[in-house]
Amino acid sequence: AIVKDHINLSVLQIHTAQISARLAMEGRMQDAQKEALAQKELIEEILAKRNDLEQGAIYESWVQSMSPIYSALKNQTQ
């Protein structure tokens, strides 16, 4: 709980993209998809607690930019 209160969401978002990309490049599509979705849920949980409109807007922008990647991962795992 303490970590969630102090985590930098921008850093977490970048880290999530990097981890998912690395896993996908290694051919581990299901792992990449699972990691991306788990981190997305964590970010949403943190945002719900903080109720920070600025961070919410940054998150929405990040989701839009990551959407094609998540769609590609989903298609590759099917």
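## Buried and exposed residues

A residue is called buried when its relative accessible area is under 20%, and exposed when that area is over 50%, with partly exposed residues in between. The model described here is a predicted one, and the terms just given are applied first to its helix H2.

## Helix H2 and its two sides

Helix H2 comprises the 17 residues 9–25, and at 1.5 Å a residue it should span 24 Å, which agrees with the 24 Å that separates its end C-alpha atoms. Along this helix the buried residues are Leu9, Leu12, Gln13, Thr16, Ile19, Ser20, Leu23 and Ala24. When H2 is viewed down its axis, these buried residues fall within an arc of 130°, and so they line one face of the helix.

The face that is turned away from this buried side carries Val11, Ile14, Gln18 and Met25, which are exposed.

## The ends of H2

At the start of H2, a side-chain oxygen of Asn8 comes to within 2.9 Å of the backbone nitrogen of Ser10. After the helix comes Gly27, a residue whose phi is positive, near 85°.

## How H2 meets H3

Which residues of H2 and H3 make the contact between the two helices? To answer this, it helps to begin with the axes of H2 and of helix H3, which covers residues 29–50: they come within 8 Å and cross at roughly 170°. Because angles over 145 degrees count as roughly antiparallel, H2 and H3 are roughly antiparallel to each other. On the H2 side, the contact is made by Leu9, Leu12, Gln13, Thr16, Ile19, Ser20, Leu23 and Ala24. On the H3 side, the residues that make the contact include Met29, Asp31, Ala32, Glu35, Ala36 and Gln39, and also Leu42, Ile43, Ile46, Leu47 and Arg50.

Ser20, which has its place in helix H2, can serve as an example of a residue in this contact. With a relative accessible area of 3%, Ser20 is buried, because that value is under 20%. If its neighbours within four places in sequence are left aside, Ser20 is in contact with Ala32 and Ala36.

## Arg28 in the loop

Between H2 and H3 there is a loop, and Arg28 has its place there. Is Arg28 buried, partly exposed or exposed? Its relative accessibility is 37%, and so Arg28 counts as partly exposed. The side chain of Arg28 is joined to that of Glu26 by a polar contact of 3.1 Å. From Gln64, by comparison, Arg28 is separated by 36 residues in sequence and by 23 Å in space, taken from C-alpha to C-alpha.

Note on methods:
Residues are numbered from 1 along each chain as its sequence is written. This is a predicted model: local features need pLDDT of at least 70, side-chain atom pairs count only at pLDDT 80 or more; totals for chains, interfaces and linings use all residues. Side-chain values use heavy atoms; hydrogens and water are left out. Helices (H or I, at least four residues) and strands (E, at least two) are DSSP runs, numbered from the N terminus. The expected span of a helix is 1.5 Å times one less than its number of residues. Buried means under 20% relative accessible area, exposed over 50%, partly exposed in between (1.4 Å probe, protein chains only). The arc is that of the directions from the helix axis to the C-beta atoms. A polar contact is a pair of N or O atoms within 3.5 Å; within protein, one must be able to donate a hydrogen and the other to accept it, and residues adjacent in sequence count only if both atoms are side-chain atoms. Contact means heavy atoms within 4.5 Å. Axes are lines fitted to C-alpha atoms, for helices over the stretch in contact, and angles run from 0 to 180 degrees between N-to-C directions. Angles under 35 degrees count as roughly parallel, over 145 as roughly antiparallel, 65 to 115 as roughly perpendicular and the rest as oblique.
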